[in-house]
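Trainee: I would like to practise reading a model by eye. Could you take me through it feature by feature?

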Amino acid sequence: MNKTEGSGLGRRSLLAAGAAAPLLASLARPAAAQAPAPAAGQPILVRGAFVLSMDPAIGDLPQGDILVQDGVIRAIAASIPAPEGALVIEGAGRIALPGMVNGHIHLAQSMQRGLSTEHSFGGYFQTIVLRHSNRMTPADVQLADHAGGLEQIAAGVTTVMDWSRETMSPDHADAALAGLDAAGIRGVLAYTAPPIPQGGDAAALGGRMIAHARSLLAARAEGLVRIWTCLQGPDFTPLAPALADMKRLAELGVPIAIHTGAGIYPNRKTRLLAQLDAEGLLNERLQIVHANTHEADEYKLAADRGVMLCSTPEVEMRMGHGHPAMFKAAAAGMKVSVGTDIPSMVGGGLLPQLRVAMAAELHRINAAALAAGQGVPATPPVTARQMLEFATIGGARGLGLDRVTGSLTPGKRADLLLVRADQPLTAPRSDPAGLVLLQAGAGEIETVMVDGRLRKRDGRLTDPGAAAVLARLQSRAEEMAAAAAR
Ligand SMILES: [Zn+2]
């Protein structure tokens with residue numbers, strides 16, 4: 001991509017962002033003015049919602065109450081008396097479900113929102129990675145992670161896996177964590193070992209970052225935001241150094257995430273998963289992202305080893321990675337999450353990803369049936385409920401967090417959503433899973449609770465600093481776009 005083209009994209013996108021500013025500002029206006037925040041320890045009772053628990057032992061409750069206290073779901077039942085002093089939240093006309101889990105997003109690229117609208121993979125890499133991401137300061141990363149976390153919360157995502165290629169130094173990593181903490185979202189920060197700058201001392205920087213990651217691990221072992229690592233991986237580099245990196249990071253004992261198997265990767269290895277297994281690197285502490293083109297027996301091998309997989313359907317199909325692997329991987333028994341990938345191209349949380357993936361898979365099945373001279377299946381073999389599972393309990397499993405979140409289950413942390421089912425986009429309420437998946441948007445997601453704290457209430461973010469964060473994001477994005485165009 002040449003400079004002129006890049007700057008043109010930047011101007012168009014920034015004009016569009018400017019036009020949306022009043023809407024963002026109204027969304028970001030704190031709800032605190034209308035309703036006081038619950039006090040520490042105050043019980044919260046959601047009353048009379050249609051409860052889609054996503055826990056098979058609890059099932060659906062056409063009219064149910066949910067009691068939360070100290071960040072934990074205490075009880076779910078058809079009727080729960082309000083404890084003394086409880087904050088009661090109206091659930092009538094709403095669907096309650098677990099908060100969604102975004103299994104893969106480059107959250108710092110929220111600073112470049114919309115700049116990849118017309119990008120191929122090459123254009124994305126040349127522009128976003130080389131001309132924007134590499135120039136972000138720690139303060140930029142903190143701002144973008146905070147703003148990106150707010151976007152995810154507004155769209156009903158309560159857990160993110162933030163693949164941070166912008167952790168270019170220990171200060172950048174601390175800044176990413178500060179941004180996630182400020183947004184109040186649950187998550188995993190995947191700390192990277194970046195490409196070493198030309199002339200830089202690889203061993204010194206690598207050693208300093210490993211030591212820093214190790215200290216973060218100890219400090220963040222049980223918190224809202226935990227630490228993983230991520231690597232460029234074997235499909236972007238020669239095999240030997242990638243394996244050496246993976247073995248070095250494996251010593252930290254935390255999950256490693258790598259992008260693999262996309263049809264467009266120039267260094268894609270044949271039978272990569274079998275090769276990783278031969279090196280002892282295929283295990284329950286590995287997440288593979290995209291993974292579109294591995295061979296059928298490799299998904300089964302990965303499932304047997306406990307490997308996690310994340311599909312990012314919209315970006316994968318737009319850029320040429322291939323058909324989302326989530327369906328064949330789940331059929332092979334893998335733990336599968338769904339992610340949004342690059343905010344520079346797509347946004348809006350997980351619901352758009354689920355819709356795109358469901359349509360793509362049904363299209364694949366229908367086209368194969370027609371090509372074989374058969375009729376399309378009378379009943380679609382992929383259901384709305386299965387898709388919502390990928391975003392909730394399945395996604396939690398796909399990040400190893402299913403004992404913490406992913407379903408409305410007493411004892412789990414209180415990550416939950418209330419979706420209006422009585423609005424122009426959602427009335428009349430019919431099948432709740434279908435209504436949430438195929439009809440609702442972020443505007444219908446009225447309430448978002450993360451770890452028992454109300455992060456969106458009455459349709460608005462409760463972060464009193466949200467409007468200021470978005471205003472700073474706008475001005476800094478304009479500066480960075482101007483610098484990138486030079
Ligand atoms: Zn990615």
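Trainee: Let me start with one residue: where is the place of Pro428?

Mentor: Happy to help, and do keep in mind that this is a predicted model. To place a residue, look for the elements on either side of it. Pro428 sits in the loop between β14 (416-420) and α14. While you are there, look at the peptide bond: Ala427 and Pro428 are joined in cis, with omega about -5°.

Trainee: Now let me step back. How many helices and strands does the chain have?

Mentor: The chain has 15 helices and 17 strands. For its overall form, compare the radius of gyration with a rule for globules. Here the radius is 22 Å, close to the 23 Å that the globule rule gives for 486 residues, so the chain is as compact as a globular protein of that length. Its C-alpha trace spans about 65 × 55 × 45 Å along the principal axes. As for burial, 50% of the 486 residues count as buried.

Trainee: What share of the contacts comes from residues 24 or more positions apart?

Mentor: Take the contacts with a separation of 6 or more: residues 24 or more positions apart account for 78% of them.

Trainee: Which domains is the chain divided into?

Mentor: Domain 1 covers 31-99 + 406-461, and domain 2 covers 101-371. To read such a pair, look at the centres and then at the contacts. The C-alpha centres of the two domains lie 30 Å apart. Across the boundary, 15 residues of domain 1 are in contact with 18 residues of domain 2. On the domain 1 side, the elements that give two or more residues are α14 (432-438), β15 (445-450) and β16 (453-457). By class, that side has eight nonpolar, two polar and five charged residues.

Trainee: Which residues touch the most other members of the largest nonpolar core?

Mentor: That core has 126 residues, and Ile66, Ile95, Ala96, Leu309 and Leu354 touch the most other members. Its largest share, eight residues, comes from helix α15 (residues 466-485). Domain 1 and domain 2 both give residues to this core, so it lies between them. A second, separate core of eight residues includes Tyr124, Val315, Met319 and Met345.

Trainee: If I centre the view on Ile95, what does it touch?

Mentor: Leaving out residues up to four places away in sequence, Ile95 touches Ala49, Phe50, Leu52, Val419, Ala421, Pro432, Leu435 and Val436. Phe50 has another partner to look at: its C-alpha is 4.6 Å from that of Pro62, although the two are 12 residues apart in sequence. Pro62 itself is found in strand β2 (residues 60-69).

Trainee: Is Pro62 buried or exposed?

Mentor: Count the C-beta neighbours. Pro62 has 9 of them inside 10 Å, and therefore counts as exposed.

Trainee: How would I read a whole strand in that way, say β6?

Mentor: Go through its residues one by one. In β6 (residues 100-105), six of the six residues are buried, so the strand is largely enclosed by the rest of the structure. Next, look for a partner strand: four bridges join β6 to β7 (residues 157-164), and the two run parallel. In this pairing, Asn102 stands opposite Val160.

Trainee: Which strands are joined to β15 by bridges, and in what direction do they run?

Mentor: β14 is joined to β15 by four antiparallel bridges, with Val419 and Ile445 as bridge partners. β15 and β16 are joined by three bridges and also run antiparallel; there Met449 pairs with Leu454. β15 is mostly covered, with six of its six residues buried. In the hairpin of β15 and β16, two residues lie between the strands, and Asp451 takes a positive phi near 55°.

Trainee: Where else should I look for a positive phi?

Mentor: Look at Asp458, which is not a glycine but has a positive phi of about 55°. Asp458 lies in the loop between β16 and β17 (460-461) and, with 12 C-beta neighbours inside 10 Å, counts as exposed. Arg271, also not a glycine, has a positive phi of about 50°. Its place is in the loop between β10 (256-260) and α7 (272-278). With 14 other C-beta atoms within 10 Å, Arg271 is partly exposed.

Conventions
Residues are numbered from 1 along each chain as its sequence is written. This is a predicted model: local features need pLDDT of at least 70, side-chain atom pairs count only at pLDDT 80 or more; totals for chains, interfaces and linings use all residues. The radius of gyration is taken over C-alpha atoms; the globule rule is 2.2 Å times the number of residues to the power 0.38. A residue is buried if 20 or more other C-beta atoms lie within 10 Å of its own, exposed if 12 or fewer, and partly exposed in between; C-beta atoms are placed from the backbone. Two residues are in contact if their C-beta atoms, placed from the backbone, lie within 7 Å. Two strands pair if DSSP finds at least two bridges between them. Domain bounds come from an automatic or database domain assignment. Ala, Val, Leu, Ile, Met, Phe, Trp, Tyr, Cys and Pro count as nonpolar, Asp, Glu, Lys and Arg as charged, and the others, Gly among them, as polar. A nonpolar core is a set of buried Ala, Val, Leu, Ile, Met, Phe, Trp, Tyr and Cys residues joined through C-beta atoms within 7 Å.
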